[in-house]
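Colleague: I should be grateful for a close look at a single part of this structure. Please state the cut-offs behind each term as you use it.

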Amino acid sequence: MDDITYNIDLAIEEMSELIQALSKHKRLLQEDKTLRVDKSQIRENIKEEIADVNIVLIKLKEMYFENNIEMIKFIGNKIRRTKELSEK
């Protein structure tokens, strides 16, 4: 497996784990009695998964953007488009 494929697979895995952790928190908020973990365990797991996702996002940023300036331009354009849509 090449580096690019490995990093994509890792990002998908880590993001999936964050989704799963957030889903558990949502179930907790909905008072799901089938949960086998408490609120503090869920919160700690979410923090860990956010950290993992941030690590893979750094790697993805390095893979897909030439530099930070390019990324900042993309973010600025996205914020501008979102603001324009919300004002309509």
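Modeller: The account below follows the second helix, its packing partner and the loop that joins them.

This is a predicted model, in which local features need pLDDT of at least 70, side-chain atom pairs count only at pLDDT 80 or more, and totals for chains, interfaces and linings use all residues. Residues are numbered from 1 along each chain as its sequence is written, and side-chain values use heavy atoms, with hydrogens and water left out.

Helices are DSSP runs of H or I with at least four residues, numbered from the N terminus. The expected span of a helix is 1.5 Å times one less than its number of residues. For α2, with 26 residues, that rule gives 38 Å, and the 36 Å between its end C-alpha atoms agrees.

Within α2, the residues I42, I46, E49, V53, V56 and L60 are buried, a word that here denotes under 20% relative accessible area, against over 50% for exposed and partly exposed in between (1.4 Å probe, protein chains only). The buried residues of α2 pack against α1, where contact means heavy atoms within 4.5 Å.

The largest nonpolar core has six residues: L18, A21, L35, I42, I46 and V53. Such a core is a set of buried Ala, Val, Leu, Ile, Met, Phe, Trp, Tyr and Cys residues joined through side-chain atoms within 4.5 Å. Two or more residues come from each of α1 (3–29) and α2 (39–64), and α2 supplies the largest share, three residues. Leaving aside neighbours within four places in sequence, L18 is in contact with I46, E49, I50 and V53.

E49, in helix α2, is a charged member of the buried set: Asp and Glu count as negative, Lys and Arg as positive, while His and the chain ends are not counted. Although buried, E49 has no salt bridge, and K24, the nearest side chain of opposite charge, is 9.1 Å away. A salt bridge requires a side-chain nitrogen of Lys or Arg within 4 Å of a carboxyl oxygen of Asp or Glu. Not counting residues up to four places away in sequence, E49 touches E14, E17, L18 and A21.

The loop between α1 and α2 includes E31 and T34. E31 counts as exposed because its relative accessible area is 58%, and its phi is positive, near 60°, in a residue other than glycine. Most residues other than glycine have a negative phi. T34 is likewise exposed, at 53% relative accessibility.
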